[in-house]
Amino acid sequence: MRKVALIFLTAVLAPSLVLAWLAIRSLKDQQIVAERQRTLLYDGVAQGLVKDILDEFAEIQRDFGRQVEALLAKQAPIDAAYAFDTRLLESWPLAEVGFAVSLEGSVYSPSLLGRSEARRFRLENDKFLSNRESVEFYWNSPKGAINLSKLDDSGKEGRYVSPQKGGDYKTKISSAEAEFKRLVADSSEGMLARYVQNQLKILIWYRPPNVTSMIFGAQLSVSDLLARLKPVIKLHETLQREICAVLLDDRAKPLAKTYLNFLADWKHPYVAEEVGEILPHWEVAIYPLRATLLNKPGHTAALTLGLLIGVLVFAIGVGGYLLVSDLNRELKLARLKSDFVGNVSHELKTPLTSIRMFSELLAEGRIEEPQKQKQYLEIINAETARLTRLINNVLDFSRIERGEKKYHFEPCDLAALTREVFNNYAPQLQNNGFQMELQVPESAVPIRCDRDAISQVLLNLFSNAEKYSGEGKEIAVQVKTANGSARVEVRDRGIGVPPGAEEKIFEQFYRAHDALSSGIQGSGLGLTLARQIARAHGGDVICESREGGGTTFTLELPMEL
Ligand code: ADP
């Protein structure tokens with residue numbers, strides 16, 4: 001038994017569990033790879049969108065240059081400088097204020113006496129533009145970046161959002177301080193962004209090649225700029241159903257989305273990419289439309305695998321249990337069969353010995369007393385009957401086992417049959433000093449049965465009552481009818497069936513009292529046969545312990561009404 005369990009454990013269970021473990025690990029690895037690929041893809045998408053935004057800024061820069069050149073073509077530079085704010089506003093909607101300064105620091109435009117926006121602009125920027133003050137700004141120059149190390153790096157960290165994935169994300173831009181002249185140096189165009197009272201201001205400027213001492217610029221209207229950027233934030237059709245790309249400002253407020261009604265925890269995107277110095281701390285962020293959808297393939301695979309492993313382990317467990325219990329059963333049966341062979345041989349031998357002994361005594365003529373002769377003949381007769389019963393049981397059992405047992409059903413009176421079988425058996429009981437009682441109804445108890453088979457059942461029950469009678473040599477047989485069924489009760493006051501064995505005694509070869517300790521011979525087939533025959537008749541044989549000791553065996557059969 002232990003060997004089988006060990007083989008099962010090493011050959012089936014352990015390899016299966018190892019396989020299951022490997023499968024789970026490989027699935028996890030796959031999920032990590034898939035996640036990484038997804039992060040890379042979304043990073044690529046965000047970077048692409050940032051590039052599109054920067055391209056748009058480059059276009060704005062070119063556009064502005066063209067505007068300045070067009071105005072200079074119509075007017076002398078100094079006139080153009082004085083009128084720049086007014087003129088630019090007429091022709092270029094992106095401009096909020098136009099300004100013109102000389103490198104020496106004279107501010108020609110906008111006029112201090114002009115619109116309120118222009119006045120505010122002068123207040124905010126005069127000192128800076130005339131190089132009397134350095135301001136904190138974020139620098140972007142398409143024509144060669146300024147060497148920020150030359151400037152005072154304030155190192156201001158302006159990040160507000162933190163992507164869920166892509167841990168290598170870091171703030172790429174930082175602010176610096178300088179006056180306008182130093183900042184412009186010898187470049188011909190550029191943009192710079194700064195926060196004035198927490199409001200983003202973007203300045204764009206251009207230095208015409210033929211008037212290098214003059215710089216024309218504009219403060220961009222952020223709302224118009226946004227209107228221009230919005231169409232840039234778009235996704236490929238296949239990605240539209242999967243993610244939402246969002247342009248976030250420095251406070252992680254969404255300004256443009258690819259999916260209008262989408263809402264999310266804006267501070268925790270899947271991946272995010274800073275736009276750069278022109279829009280400091282603005283980011284293009286990617287959010288999965290439905291977080292569960294993203295992981296769905298992984299989840300489904302994990303679920304399927306989990307289920308498969310569960311089923312596998314369950315199947316192995318059940319298989320193992322069935323195997324072990326089947327093996328157990330087989331082993332038990334093999335043991336019982338070998339006991340049976342021993343028991344039957346013994347049962348055959350005992351009657352044969354007495355038959356031989358008594359017949360020899362009689363044959364030799366040494367017994368002269370007729371009384372004794374009669375007694376010996378009766379013993380021979382009883383032993384022959386016992387042998388016949390045993391052989392009938394064994395033969396019938398093997399017939400039933402092979403499915404070859406044939407029943408010849410015919411109408412029959414159970415009362416008469418019981419009386420007949422009991423009366424045939426009674427002399428033996430009488431000889432052995434049994435107290436007998438037979439209660440049979442006067443009227444017939446009609447049943448349909450195979451007479452020989454039912455007689456065999458009754459004989460087995462009577463013979464058991466005798467065999468297991470112990471000291472209480474009492475047998476009561478009663479035939480009853482109730483609710484359409486007929487019952488033959490065989491009651492004894494014998495040694496009784498051990499508690500818990502009331503059903504087991506009907507199993508083949510099973511003996512509740514083994515021959516060695518009880519000294520009672522038997523094959524363990526009598527009750528098995530009795531029950532099989534009764535059930536073939538639509539009835540049953542049941543066992544009940546009696547109060548005060550002993551057992552009642554009841555043969556129940558359907559009555560023929
Ligand atoms: P056996 O040839 O051993 O009697 P049976 O199938 O007739 O085989 O009975 C099975 C077992 O049931 C017996 O071994 C015995 O332990 C128990 N048994 C049967 N009849 C009685 C009874 N009347 N009283 C007590 N035990 C009984």
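# Exercises on a predicted model

Phe509 lies in the loop between β17 and α12 (515-518). The model is a predicted one, and the exercises start from this residue.

## Exercise 1: two loop residues

Task: Compare Phe509 and Asn483. Where does each lie, what is its phi, and is it buried or exposed?

Solution.

Step 1. Begin with location. Phe509 is in the loop between β17 and α12, and Asn483 is in the loop between β16 and β17.

Step 2. Read the backbone angle. Phe509 is not a glycine, yet its phi is positive, about 65°. Asn483, also a residue other than glycine, has a positive phi near 45°.

Step 3. Set this against the general rule. Most residues other than glycine have a negative phi.

Step 4. Classify the accessibility. Phe509 has a relative accessible area of 6%, so it is buried, the cut-off being under 20%. Asn483 has a relative accessible area of 83% and is therefore exposed, since exposed means over 50%.

## Exercise 2: strands around the hairpin

Task: Strand β16 (residues 474-482) pairs with β14 and with β17. In which direction does each pair run, and how many bridges join it?

Solution.

Step 1. Take β14 (residues 435-439). This strand runs parallel to β16, and five bridges join the two. One example is Leu438, whose bridge partner in β16 is Val477.

Step 2. Take β17 (residues 485-492). Here the strands run antiparallel, with eight bridges. Ala476 stands opposite Arg491 of β17.

Step 3. Look at the connection. β16 and β17 form a hairpin with two residues between them, and Asn483 is in the turn.

## Exercise 3: a cavity beside β15

Task: Find the cavity of 30 Å³ or more in the structure. Which residues line it, and which element gives the largest share?

Solution.

Step 1. Count. The search of the whole structure gives one cavity of 30 Å³ or more, and the largest cavity has a volume of about 30 Å³.

Step 2. List the lining: Ile447, Arg448, Cys449, His537, Leu557 and Pro558. The elements giving two or more residues are β15 and β19 (551-558). The largest share, three residues, is from β15.

Step 3. Sort by type. Four lining residues are nonpolar, one is polar and one is charged.

Step 4. Examine strand β15 (residues 446-449) itself. Ile447 and Cys449 make up its covered face, while Pro446 and Arg448 make up the uncovered one. β15 pairs with β13 (residues 410-413) in the antiparallel sense over four bridges, and Cys449 is the bridge partner of Glu410.

## Exercise 4: one strand residue against another

Task: Ile215 and Glu544 are both strand residues. Which is buried, which is partly exposed, and what does each contact?

Solution.

Step 1. Place them. Ile215 belongs to β8 (residues 214-220), and Glu544 belongs to β18 (residues 540-545).

Step 2. Classify them. With a relative accessible area of 0%, Ile215 is buried. Glu544, at 41%, counts as partly exposed, because this value falls between the 20% and 50% cut-offs.

Step 3. Compare contacts, leaving aside neighbours within four places in sequence. Ile215 is in contact with Phe99, Ala100, Val101, Leu103, Phe180, Val184, Trp205, Tyr206 and Arg207. Glu544 is in contact with Thr551, Thr552 and Thr554.

Step 4. Check distances between C-alpha atoms. Ile215 and Ala81 are 134 residues apart along the chain, and 8.8 Å separates them. Glu544 and Thr554 are ten residues apart in sequence and 8.3 Å apart in space.

## Exercise 5: cores and a pocket

Task: Which residues of the largest nonpolar core touch the most other members, and what lines the second largest pocket?

Solution.

Step 1. Recall the general tendency. In soluble globular proteins, nonpolar side chains tend to be buried together.

Step 2. Find the core. The largest nonpolar core has 54 residues, and Ile53 and Leu279 touch the most other members. Helix α1 (residues 2-74) gives the most to this core, twelve residues. Another core, of 50 residues, lies apart from it and includes Phe422, Ile454, Leu461 and Ala501.

Step 3. Turn to the pocket. The second largest one has a volume of about 390 Å³. Its lining has 22 residues, and Asn198, Gln199, Leu200, Lys201 and Val222 lie nearest its centre.

Step 4. Sort the lining by type: ten residues are nonpolar, three polar and nine charged.

Note on methods: Residues are numbered from 1 along each chain as its sequence is written. This is a predicted model: local features need pLDDT of at least 70, side-chain atom pairs count only at pLDDT 80 or more; totals for chains, interfaces and linings use all residues. Side-chain values use heavy atoms; hydrogens and water are left out. Buried means under 20% relative accessible area, exposed over 50%, partly exposed in between (1.4 Å probe, protein chains only). Contact means heavy atoms within 4.5 Å. Two strands pair if DSSP finds at least two bridges between them. On a 1 Å grid over the protein atoms alone, a cavity is a set of points where a 1.4 Å probe fits but cannot get out, and a pocket is an open set with protein on both sides within 12 Å along at least five of seven lines; lining residues have an atom within 4 Å of a point. Grid points are joined across faces, edges and corners, and a volume is the space filled by probe spheres set on the points. Ala, Val, Leu, Ile, Met, Phe, Trp, Tyr, Cys and Pro count as nonpolar, Asp, Glu, Lys and Arg as charged, and the others, Gly among them, as polar. A nonpolar core is a set of buried Ala, Val, Leu, Ile, Met, Phe, Trp, Tyr and Cys residues joined through side-chain atoms within 4.5 Å.
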